[in-house]
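Here is a short report on a two-chain model. Have the sequence and the coordinates open as you read.

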Amino acid sequence: MKKTEIKISPPGSMSFKLDEAWENRELLYFFAWRDIKVKYKQTYLGILWAVLQPLLLMGIFYLVFFRALKVSVGMSYPVYTFAGLILWGLFSSGITHSSESLLSSSQIIRKIYFPRILIPLSSLLTALVDFLVAFLLLIIILILFGQPVSWSVIYSFPLAVTLTFIASFGIGVLLAALNVKYRDFRYLLPFAMQLLFFSSQVVYSIHSFKQQWLTQLLYCNPLNGALELFYYPLKNGDINITGIMISSVSAIFFLVTGLLFFKKTEVHFADLI
Amino acid sequence: MKPVIEINQLGKKYRIRKTEPYLSFRDTITDSVKNIFRKKTENKKDFWALQDINISIGAGERVGIIGRNGAGKSTLLKILSRITWPTTGHAIIRGRLSSLLEVGTGFHPELTGRENIYLNGSILGLKKTEIDKQFDAIVDFSGVETFLDTPLKHYSSGMQLRLAFAVAAHLEPEVLLIDEVLAVGDMEFQKKCMGKMEEVSRQHGRTILFVSHNLKAINDICSRAVWMDNGKIKIDDTVNTVTTKYIESLHTGNTKITRPATQLTGAININDISILDAHHENKNIFTPGEKIGIAISLSNLSWTKNFSVGLALNTLSKGRILTDTIQLPAMDISSSIKKMIAWLPAEYLTPNTYIIDISVMNDNSGILDIVTDAAGFEIAITNTKFENLEYDYGVFSKELVWEPVA
């Protein structure tokens, strides 16, 4: 048997210790499992809330934006918003929960060592489970509305989810680390989420904008690229490849910044939290 | 063979800030703006919680760490547990490590006992298959099998603790770090846990590093002890040598107080102070409720009319908590040494470290002699009544009369 040897020295190297995170994958699973269990304990409808929330919002947006404001998205409006809302749900609850995750786990952080990155990552996995449940309802809605779906769904859906996951993880991890040091960010978060929501093509379509600069600016919100990929097999229209590229670069930028900042501040978590 | 725990020149510096422990973004911004215009403001103070720590622990050794509050014991354990990082030096740990800075870390009140065993075990570094294998033993040990599928929030605090201990007792590390955890829980269960830990360390040659205020537990479990004081190692020796010296240090007044003759006023001097139990035996560590007496010997160089002896009881955290004086009749030079015992209201004192000041005054309240920090004793936590370490029980423990008023 290989002898484990732990060397403890002042912080310096910026190693990501991926092997260590992998070694602790069971803990990641247990954290996510705990969050899901706790989230729906003592609720009557349980995990059904994961589909009810986007469903109710879809109803509101249908009335406000489609019926009253006559917004056009180039396809069935309810299907469009519902699809958009569940991807938004993954993105937003991923960010919100992971940004709060370190603070709410402060007890554990002060008492035991494990790769800290598992905490925000598990929050994201929890959001992913909710997304998958809601996704089942999306399939039902697609059938009910008789929505044609092109074959590109095979690659475009997974790509959309991956892009959302990366962006959400990057922003979430960055905010989680910032929250430990500066509690200001938890008050900033609701406004940031509003900004992100209205800059995402969930209730409208970016294709309806004529100004190129505005379109490209909006794609800096990584969710817009993901949504573009997500809508593509449903819309049977053109796809904005440049937009997806901008979103991908933006997502990777957040991921790298988030991870670097997290790594840099990680050593002080237990002292600050 | 290489040592299992090797600590080299380890140091940890904390920066004490004027403001809250966490920053607001505004502070950082305003500070950096200020710093552009003026030289760096010195509103930060450095504090070394640990300095020059060198310890080498071989396989199978059981080492206890003792010292007063704030001596750096917990910081050392936190660094070895990798919860916080050292500022200088390094440490190497060879072997699978478990650290118990707390029992029941990560317990969630909404989850059932069964679920919490898995969650807690996993947080403590067990693999799922290992928990599966040990599950029955853990449940057996805890004695909560009937409530296994009840949410933890419906458990009594005692049951939660037993469950937490049961998981901790079934860890099978090669190196085990323990902090204070044995100071909680009911006595009987505590003994069971200590027994289990001793068994584990003796049979399997596990290395244990154990921090505690409970000198008895240290004596029972460890073979070697390290006494830490002000972030440094004071003595590193066999457990008997170290605990004896540690107790002596709390008990500085036991030896005769000798002063240069010039300091003696010629009236009355305090010669000797010691702490006694009910049988007039010297003792420093008591259990709650045990009788505690302070023996004071006085000597005089000349005849003195009326005088009084004062005693003050202090704790480190609360300061002076009790004083009393007694008027004494004239003391003749012929009866050169006068001895008396003051019995403390020990039945009302909560577990804590107490320090005694003794003074002698003349009838005008002028001080003839005074010895501060004359002696110290400890009331150990051995009672379920005081098991919650997070709670401040105060100094006095007395049941009150609660009268309902219509």
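Which residue of S4(B) is the bridge partner of Ile6(A)? The partner is Ile93(B). Keep in mind that this is a predicted model.

**Between the chains**

The Ile6(A) pairing with Ile93(B) belongs to a wider strand pairing. S1(A) and strand S4 of chain B, residues 88–94, run antiparallel and are joined by four bridges.

The contact between the chains draws on 29 residues of chain A and 39 residues of chain B. On the chain A side, the elements giving two or more residues are strand S1 (5–8), helix H2 (25–40), helix H5 (106–111) and helix H12 (269–272). H2(A) supplies the largest share of that side, with six residues. By type, the chain A side splits into 14 nonpolar, two polar and 13 charged residues.

**A kinked helix**

Helix H8 of chain A covers residues 184–198. From first C-alpha to last, its 15 residues reach 22 Å, close to the expected 21 Å. H8(A) nevertheless carries a kink of about 30 degrees, centred on Pro190(A).

**The cores**

The largest nonpolar core holds 131 residues. Residues of both chains are among those with the most contacts inside it: Ala83(A), Ile86(A) and Leu87(A), together with Ile65(B), Phe210(B) and Ala225(B). Helix H7 of chain A, residues 153–181, gives this core its largest share, 13 residues.

Take Leu87(A). Beyond its neighbours within four places in sequence, Leu87(A) is in contact with Ala160(A), Thr164(A), Ala226(A), Leu227(A) and Phe230(A).

Another core, of 25 residues, lies apart from the largest one. Its members include Ile294(B), Ile296(B), Tyr354(B) and Ala380(B).

**Chain B**

Chain B contains eight helices and 17 strands. Of its 406 residues, 38% are buried. Among contacts in chain B with a separation of 6 or more, 73% join residues 24 or more positions apart.

Most residues other than glycine have a negative phi. Two strand residues of chain B depart from that pattern, as tabulated here.

| Residue | Phi | Strand | Other C-beta atoms within 10 Å |
|---|---|---|---|
| Gln9(B) | near 50 degrees | S1(B), residues 5–17 | 13 C-beta atoms |
| Asp52(B) | about 50 degrees | S2(B), residues 44–57 | 14 C-beta atoms |

Is Gln9(B) buried, partly exposed or exposed? Gln9(B) is partly exposed, because 13 other C-beta atoms lie within 10 Å. Asp52(B) is also partly exposed, with a count of 14.

Key. Residues are numbered from 1 along each chain as its sequence is written. Chains are lettered from A and ligands numbered from 1 in the order in which they are written. This is a predicted model: local features need pLDDT of at least 70, side-chain atom pairs count only at pLDDT 80 or more; totals for chains, interfaces and linings use all residues. Two residues are in contact if their C-beta atoms, placed from the backbone, lie within 7 Å. Ala, Val, Leu, Ile, Met, Phe, Trp, Tyr, Cys and Pro count as nonpolar, Asp, Glu, Lys and Arg as charged, and the others, Gly among them, as polar. Two strands pair if DSSP finds at least two bridges between them. The expected span of a helix is 1.5 Å times one less than its number of residues. The bend at a residue is the angle between axes fitted to the seven residues ending there and the seven starting there. A nonpolar core is a set of buried Ala, Val, Leu, Ile, Met, Phe, Trp, Tyr and Cys residues joined through C-beta atoms within 7 Å. A residue is buried if 20 or more other C-beta atoms lie within 10 Å of its own, exposed if 12 or fewer, and partly exposed in between; C-beta atoms are placed from the backbone.
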